[in-house]
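Biologist: I am new to reading structures and would love a close look at a single part of this one. Could you choose a good starting point and lead me through it step by step?

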Amino acid sequence: MSQESQMPKTKEALRQPIDSLTEDFLKRLVEAGEERADLDYKIKADFNATRDVVELTKDAAALANTRGGIILLGVNDAFQPIGIEQTYLNAIRVEDIHSKVNPYIYPNIDGIRFKKFQKDE
């Protein structure tokens, strides 16, 4: 079985309600160990840091241009889930993502969804 056929189907997942994205699905994305046109990983995204906002904006625009995708926060360049500090994670809101990203993208992205998962110890 090829690597691609083992990869979870991101486009199919994007058509589902956000609550249907399971922790197992996201773990399989990380374990596959590759970025794709519809999948990106970030160690963090500090909405108070211009550099992080610019990077997130570029990634969101690229995903929007390919009809959507998933950005997983808390995953390092070696595709290891390192997590995000709980206080920072609790502070992230979809409205904040929209307010930071949309001023730089036209047309604006309306379909940003956000879901939190606990990192395994």
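Modeller: Happy to. One term first: a polar contact is a pair of N or O atoms within 3.5 Å, where, inside a protein, one atom must be able to donate a hydrogen and the other to accept it, and residues adjacent in sequence count only if both atoms are side-chain atoms. Please also keep in mind that this is a predicted model.

Let us begin at D38, in the loop between helix 3 (23–32) and strand 1. The side chains of D38 and R36 are joined by a polar contact of 2.9 Å. Is D38 buried or exposed? Buried means under 20% relative accessible area, and D38 has 10%, so it counts as buried.

From that loop we step into strand 1, which covers residues 39–42. In a regular strand the side chains alternate between the two faces of the sheet. Here both faces are covered: L39 and Y41 are buried on one side, and D40 and K42 are buried on the other. The partner is strand 2 (residues 70–73), and the two strands pair in the parallel sense over 4 bridges. Within this pairing, D40 stands opposite I71 of strand 2.

What links the two strands? Strand 1, helix 4 (residues 50–65) and strand 2 together form a right-handed β-α-β unit. You can find this unit in the overall order of elements, which runs α-α-α-β-α-β-α-α from the N terminus.

Now follow the side chains inward. The largest nonpolar core has 12 residues, including A45, F47, L56, A60, I97 and V101. Helix 4 and helix 6 each supply at least two residues of this core. Take L56 as an example: leaving aside residues up to four places away in sequence, L56 touches A45, F47, I71 and V101. One of these is I71, the residue that D40 stands opposite. Apart from this core lies another one, of 11 residues, with L39 of strand 1 among them.

Let us cross over to helix 6 (94–101). The buried residues there include I97, H98 and V101. They cover an arc of only 100° around the axis, which puts them on the same side of helix 6. An α-helix has 3.6 residues a turn, so residues three or four places apart point the same way. The buried residues of helix 6 pack against helix 4, the helix of our β-α-β unit.

Just a little further on, N102 is found in the segment after helix 6. N102 has a relative accessible area of 11%, so it counts as buried. Not counting residues up to four places away in sequence, N102 touches I97, N108 and I109. Of these, I97 and I109 belong to the largest nonpolar core.

Two backbone details are worth finding as you turn the model. Most residues other than glycine have a negative phi, and most peptide bonds are trans. F79, however, has a positive phi of about 60° although it is not a glycine. F79 sits in the loop between strand 2 and helix 5 (86–91), and at 24% relative accessibility it counts as partly exposed. The other detail is the peptide bond from Y106 to P107, which is cis, with omega near -5°. P107, like N102, is found in the segment after helix 6.

How values were computed:
Residues are numbered from 1 along each chain as its sequence is written. This is a predicted model: local features need pLDDT of at least 70, side-chain atom pairs count only at pLDDT 80 or more; totals for chains, interfaces and linings use all residues. Side-chain values use heavy atoms; hydrogens and water are left out. Buried means under 20% relative accessible area, exposed over 50%, partly exposed in between (1.4 Å probe, protein chains only). Two strands pair if DSSP finds at least two bridges between them. A crossover is right-handed if, with the strands pointing away from the viewer, the path from the first strand over the helix to the second runs clockwise. A nonpolar core is a set of buried Ala, Val, Leu, Ile, Met, Phe, Trp, Tyr and Cys residues joined through side-chain atoms within 4.5 Å. Contact means heavy atoms within 4.5 Å. The arc is that of the directions from the helix axis to the C-beta atoms.
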